[in-house]
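Me: I'd like a close look at one part of this model, the second largest pocket. What lines it, and what sits around it?

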Amino acid sequence: VLFRSGDHTLVGVINRGFKTGEDAKAIDAAGGFSIVLCAAKIWLEHNIDPRFILDAHPDYHVEGWPKA
């Protein structure tokens, strides 16, 4: 967390550990993390489960894992 004031929070993310020429992997990782941040924001601010993973990848549902 870089900054917090009242109802506002600024989060910073450093995407590192990629070798030269792995730009596509770095961009893909950043995109995935952005989706996680969006889901957390929806869940925390509005108490809504966005179901991003279940909707995008229904075959990856783990047996016994609670469905929202």
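Here is a walk through that pocket and its surroundings.

Reply: Bear in mind that this is a predicted model, so let's start with how confident the predictor is. The mean pLDDT of the chain is 78, with 84% of the residues at 70 or more. Broken down by element, α1 has the highest mean, 84, while helix α2 (residues 52-56) has the lowest, 66.

The overall layout is quick to describe. You've got two helices and two strands, and from the N terminus they run β-β-α-α. Buried residues make up 4% of the 68 in the chain. The accessible surface comes to about 6,400 Å², and carbon and sulfur atoms account for 59% of that.

Now the pocket itself. The second largest pocket has a volume of about 320 Å³. β2 and α1 are the elements that each give two or more residues to its lining, and α1 gives the most, with five. The full lining is Arg 4, Asp 7, His 8, Thr 9, Leu 10, Val 11, Leu 37, Ala 40, Lys 41, Leu 44 and Glu 45.

Two of those lining residues, Lys 41 and Glu 45, are paired with each other: their side chains meet in a salt bridge, 2.8 Å from N to O. Both belong to helix α1 and sit four residues apart, about one turn of the helix. Glu 45 counts as partly exposed, because its relative accessibility is 49%.

Val 11 and Leu 37 also line the pocket, and they do double duty. Together with Val 13, Phe 33 and Val 36, they form a nonpolar patch on the surface, with about 410 Å² of accessible area between the five. Val 11 is in the loop that runs between β2 (8-10) and α1 (23-46). With a relative accessible area of 44%, Val 11 is partly exposed, so it clears the cut-off of over 30% for patch residues.

For comparison, what about salt bridges elsewhere? The structure holds two. Besides the Lys 41 and Glu 45 pair, there's one between the side chains of Glu 22 and Lys 25, at 3.6 Å from N to O. Its two partners fall into separate exposure classes: Glu 22 is partly exposed at 22% relative accessible area, whereas Lys 25 is exposed at 51%. Neither name appears in the pocket lining listed above.

Key. Residues are numbered from 1 along each chain as its sequence is written. This is a predicted model: local features need pLDDT of at least 70, side-chain atom pairs count only at pLDDT 80 or more; totals for chains, interfaces and linings use all residues. Side-chain values use heavy atoms; hydrogens and water are left out. Patches are made of residues with over 30% relative accessible area and no salt bridge: like charges are joined within 9 Å, nonpolar side chains (Val, Leu, Ile, Met, Phe, Trp, Tyr) within 5 Å. Accessible areas come from the Shrake-Rupley method with a 1.4 Å probe; for residues, only the protein chains shown count as cover. A salt bridge is a side-chain nitrogen of Lys or Arg within 4 Å of a carboxyl oxygen of Asp or Glu. Buried means under 20% relative accessible area, exposed over 50%, partly exposed in between (1.4 Å probe, protein chains only). pLDDT is the predictor's confidence in each residue, from 0 to 100. On a 1 Å grid over the protein atoms alone, a cavity is a set of points where a 1.4 Å probe fits but cannot get out, and a pocket is an open set with protein on both sides within 12 Å along at least five of seven lines; lining residues have an atom within 4 Å of a point. Grid points are joined across faces, edges and corners, and a volume is the space filled by probe spheres set on the points.
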